[in-house]
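Grab a pencil and work through a few short exercises on the model shown here. Each one starts with a task and then walks you through a solution.

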Amino acid sequence: MIHRYGLVLFIVVIVLLLPGCLVVEKIGYSIELNEDGSGTATVTFHDIRSNAIGNNEFEEDKNALFSYILTSSELKESMFSEGKDISSRELEVRDGKLYGKAVYTFKDITRVEGLRRESGFIYMTMQLEDSLRYSNGQVVVSNEYRRILWDDKTKLIEFEVLSAESESVTRPLAPFYKK
């Protein structure tokens, strides 16, 4: 599974269906909104790795990423049932690290990664422990949580979160990716 703090993230949904142990350095979101609340989300995954201990688990991780996540119709169907219509998925090796990008459309902003819309705002609530690296929204912190707020007229929502897995031992997947 991919470890993220308290966020319900796109790849967590993908990987919960799998036995492997994929981790990422950070995940970035760029969400373009239409006036009716529909839009397009682009999700980028930085430095995709495996924290599998054994060779069998590592093989499962490679197969999960390169077959299921990257190319399967089952993943598209699963995401579609959640209101996300995947239009593209790609992997790329840069500087010896594996990067991923997924693009999907949606009809309702509340189908996107825990975002909510009410009282003239779009917002996302995070645990205090979550590592928010960047957002173009206003960040409000209380004793209990962190919330990112955007005006509901916003056309572009952006945020990036860091992984909790930086301290674990991981194995690179970039050397195994073949276009």
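## Warm-up: a charge over a ring

The charged end of arginine 171 lies over the ring of phenylalanine 58, at 4.0 Å from the ring's centre. For this to count, NZ of Lys or CZ of Arg must be within 6 Å of the ring centre and within 35 degrees of the ring normal.

Before going on, a word on the ground rules. This is a predicted model, where local features need pLDDT of at least 70 and side-chain atom pairs count only at pLDDT 80 or more, while totals for chains, interfaces and linings use all residues. Residues are numbered from 1 along each chain as its sequence is written, and side-chain values use heavy atoms, with hydrogens and water left out.

## Exercise 1: arginine 94

Task: find which ring the charged end of arginine 94 sits over, and which residue arginine 94 meets in a salt bridge.

Solution.
- Step 1. Look for the ring: it belongs to tyrosine 99, and its centre is 3.9 Å from the charged end of arginine 94.
- Step 2. Look for the salt bridge (a side-chain nitrogen of Lys or Arg within 4 Å of a carboxyl oxygen of Asp or Glu). The partner of arginine 94 is glutamate 92, at 3.2 Å from N to O.
- Step 3. Check accessibility, where buried means under 20% relative accessible area, exposed over 50%, and partly exposed in between (1.4 Å probe, protein chains only). Arginine 94 comes out as partly exposed at 38%, and glutamate 92 is partly exposed at 36%.

## Exercise 2: a bridge between strands

Task: work out which parts of the chain are tied together by the salt bridge of arginine 133 and glutamate 160.

Solution.
- Step 1. Start with the contact: the closest N and O atoms of arginine 133 and glutamate 160 are 2.5 Å apart.
- Step 2. Place both residues. Arginine 133 belongs to strand S9 (residues 132-135) and glutamate 160 to strand S12 (residues 156-162), so their bridge ties together parts that are 27 residues apart in sequence. Strands here are DSSP runs (E, at least two residues), numbered from the N terminus.
- Step 3. Compare their surroundings: arginine 133 is exposed at 51%, whereas glutamate 160 is buried at 12%.
- Step 4. Widen the view. Lys26, Arg133 and Glu160 are linked in a network of salt bridges, and the structure holds eight salt bridges.

## Exercise 3: aspartate 47

Task: is aspartate 47 buried or exposed, and what is the sign of its phi?

Solution.
- Step 1. Locate aspartate 47 in the loop between strand S3 (39-46) and strand S4 (49-50).
- Step 2. Read its accessibility: at 10%, aspartate 47 is buried.
- Step 3. Read the backbone: phi of aspartate 47 is near 55°, a positive value in a residue other than glycine.
- Step 4. Find its partner. Aspartate 47 forms a salt bridge with arginine 49, the closest N and O atoms being 3.8 Å apart, and arginine 49 is partly exposed at 22%.

## Exercise 4: around the hairpin

Task: describe how S2 and S3 are joined, then find which residues stand opposite phenylalanine 45.

Solution.
- Step 1. S2 and S3 form a hairpin with five residues between them, and glycine 37 in the turn has a positive phi of about 95°.
- Step 2. Serine 38 is in the loop between strand S2 (26-33) and S3. Its side chain makes a polar contact with the side chain of aspartate 36 at 2.6 Å. Such a contact is a pair of N or O atoms within 3.5 Å; within protein, one must be able to donate a hydrogen and the other to accept it, and residues adjacent in sequence count only if both atoms are side-chain atoms.
- Step 3. Count the bridges: S2 and S3 pair in the antiparallel sense over eight, and S3 and S6 pair in the antiparallel sense over seven. Two strands pair if DSSP finds at least two bridges between them.
- Step 4. Now phenylalanine 45: it is the bridge partner of isoleucine 27, and it also stands opposite glycine 100 in S6.

Key. Helices (H or I, at least four residues) and strands (E, at least two) are DSSP runs, numbered from the N terminus.
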